[in-house]
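The following exchange is intended for a bench biochemist who wishes to read a structure by reasoning from its contacts. The structure is shown first.

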Amino acid sequence: MPQLNVADFAPQLVWLAITFAVLYLLMAKLALPKIGRAIDARAQRITADLDRATKLKDEAAGALAAYEKALAEARAQAQATIKAASERMRKDAESREGALTKKLAADTAAAEGRIRAARDQAMASLAHMAADITKSAAERLIGQPINDATATAAVAAAAKERA
Amino acid sequence: MAAEKAIDPLHQFEIVRLIPMKLGGLDVSFSNASLWMVIAIAAATVFLVGGMRRQSLVPGRWQSMAEVSYEFIAGMIQDNVGSKGRAFFPFIFTLFMFILFGNMMGMVPYSFTFTSHIIVTFAIAFVVFIGVTVVGFVMHGAHFLSFFVPKGVPKIMLLLMVPIEVLSYLTRPVSLSIRLFANMMAGHTMFKVFASFTIMLGIFGVAPLAINVALTGFEFLVAFLQAYVFTVLTCIYLNDAIHLH
């Protein structure tokens, strides 16, 4: 078996030591740092990207919350405005109704006053006509005129008896 | 024809001195084994550094393979040793790449598989063994010896258990190196044996040829698997040294 030829051991061991040492240096100083850097750079890039994505997501959530808050505020404000407007309109209507009621009452009172005056006047002219009729009727009955005062007094007495 | 000569399946493991050299009394000849060691480390370096020429955020195929190799070993150390093993990452990674490329380069026709030599695998395993033991003593001092004393065993049994533990610890480099060496040697010997059948049987040589085709796929698996097993066991030994048990 050639593997057991002791004379071949020394050169193999020497070159094993040389090549292994050279490979160790090449790996430790050249290849491994290169590969390690590439892997680290990628890992860092991925971590950074993930961090940024998380941050953006948080920002989006914040923006959504702010938007919803603004929306709620706007809605509340709109409701307050509607409430104030309807309140004002209700007050306006109430005051207009009050004024109308007053005006109607005043009109009614004025109309009633006019009716009363007209009736009084009618009653007064009635008394006057009754005095005239009494005067002319008495002239015919007694053949001589009676004075106005007497006729008026007689009408007034008769009216008082009837009343 | 080659079939006329006696085919020696072990001939492929012969060390051939390509450039005979002497340093003092030491034979430092550049042999076919040395050549394939150089080719293996060159290929490993090209594979890893070449893939990282453009370090893109989204890696291409080559860069992905280089990164997968890195993460494969980093994950193996994390799983088997934990975060304290990170300091040994360059060594473990070099170990894996050296054995993997040694095994894989051996699959190239007419190449030489330096991991099929027990002296090479034993030297690597011995370095691992010594290194792990030194790490154990540096981290725990004399307390590292408690590794050989199983917990919860009756005192009288320790007379038996401690020698067994010591023996099993000492056989680690042996089993580690023989596992790799034997696998590689057996695989390549089988290739040669079936290849010689193919030549001897003429037209019926199709059958051993088919077996060799299947064996080729199987040997690629073994080439990877043995590199993996060697590395994983190193991690487990390292874990024992760092965390005791």
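The questions below concern this predicted model.

Reader: Which helix gives the most residues to the largest nonpolar core?

Author: The largest nonpolar core has 60 residues, and Phe96(B), Met97(B) and Phe98(B) touch the most other members. Both chains take part: helix 1 (9-142) of chain A supplies at least two residues, as do several helices of chain B, including helix 6 (172-200) and helix 7 (206-243). With 12 residues, the greatest contribution to this core is that of helix 3 of chain B.

Reader: Leaving aside residues up to four places away in sequence, which residues does Phe96(B) touch?

Author: Phe96(B) is among the three residues that touch the most other members of the largest nonpolar core. When residues up to four places away in sequence are not counted, its contacts are Ile73(B), Ala227(B) and Thr231(B).

Reader: How many residues does helix 1 of chain B give to the side of chain B that touches chain A?

Author: The contact between the chains involves 35 residues of chain B and 31 residues of chain A. On the side of chain B, strand 3 (26-27) and helices 1, 2, 3 and 4 each give two or more residues. By class, this side holds 25 nonpolar, seven polar and three charged residues. Helix 1 of chain B provides its largest share, which is nine residues.

Reader: Are helix 1 and helix 2 of chain B roughly parallel or roughly perpendicular?

Author: Phe47(B), Leu48(B), Gly50(B) and Gly51(B) of helix 1 of chain B meet residues of helix 2 of chain B, including Trp62(B) and Met65(B). The crossing of the two helices is left-handed. Their axes come within 7 Å and cross at roughly 115°. Angles of 65 to 115 degrees count as roughly perpendicular, and therefore helix 1 of chain B is, relative to helix 2 of chain B, roughly perpendicular.

Reader: What is the handedness of the crossing of helix 1 of chain A and helix 2 of chain A?

Author: Helix 1 of chain A packs against helix 2 (residues 148-162) of chain A at an angle of about 115°, with the axes 8 Å apart. The contact includes Ala127(A) and Lys135(A) from helix 1 of chain A, and Asp148(A) and Val155(A) from helix 2 of chain A. Its residues divide into six nonpolar, two polar and two charged. The crossing of these helices is right-handed.

Reader: Is Tyr110(B) buried or exposed?

Author: Tyr110(B) is located in the loop between helix 3 and helix 4 of chain B. Its phi is near 70°, a positive value in a residue other than glycine. A residue with 12 or fewer C-beta neighbours within 10 Å counts as exposed. Because Tyr110(B) has 5 C-beta neighbours inside 10 Å, Tyr110(B) is exposed.

Note on methods
Residues are numbered from 1 along each chain as its sequence is written. Chains are lettered from A and ligands numbered from 1 in the order in which they are written. This is a predicted model: local features need pLDDT of at least 70, side-chain atom pairs count only at pLDDT 80 or more; totals for chains, interfaces and linings use all residues. A nonpolar core is a set of buried Ala, Val, Leu, Ile, Met, Phe, Trp, Tyr and Cys residues joined through C-beta atoms within 7 Å. A residue is buried if 20 or more other C-beta atoms lie within 10 Å of its own, exposed if 12 or fewer, and partly exposed in between; C-beta atoms are placed from the backbone. Helices (H or I, at least four residues) and strands (E, at least two) are DSSP runs, numbered from the N terminus. Two residues are in contact if their C-beta atoms, placed from the backbone, lie within 7 Å. Ala, Val, Leu, Ile, Met, Phe, Trp, Tyr, Cys and Pro count as nonpolar, Asp, Glu, Lys and Arg as charged, and the others, Gly among them, as polar. Axes are lines fitted to C-alpha atoms, for helices over the stretch in contact, and angles run from 0 to 180 degrees between N-to-C directions. A crossing is left-handed if the near helix is turned anticlockwise from the far one by less than a right angle, and right-handed if clockwise. Angles under 35 degrees count as roughly parallel, over 145 as roughly antiparallel, 65 to 115 as roughly perpendicular and the rest as oblique.
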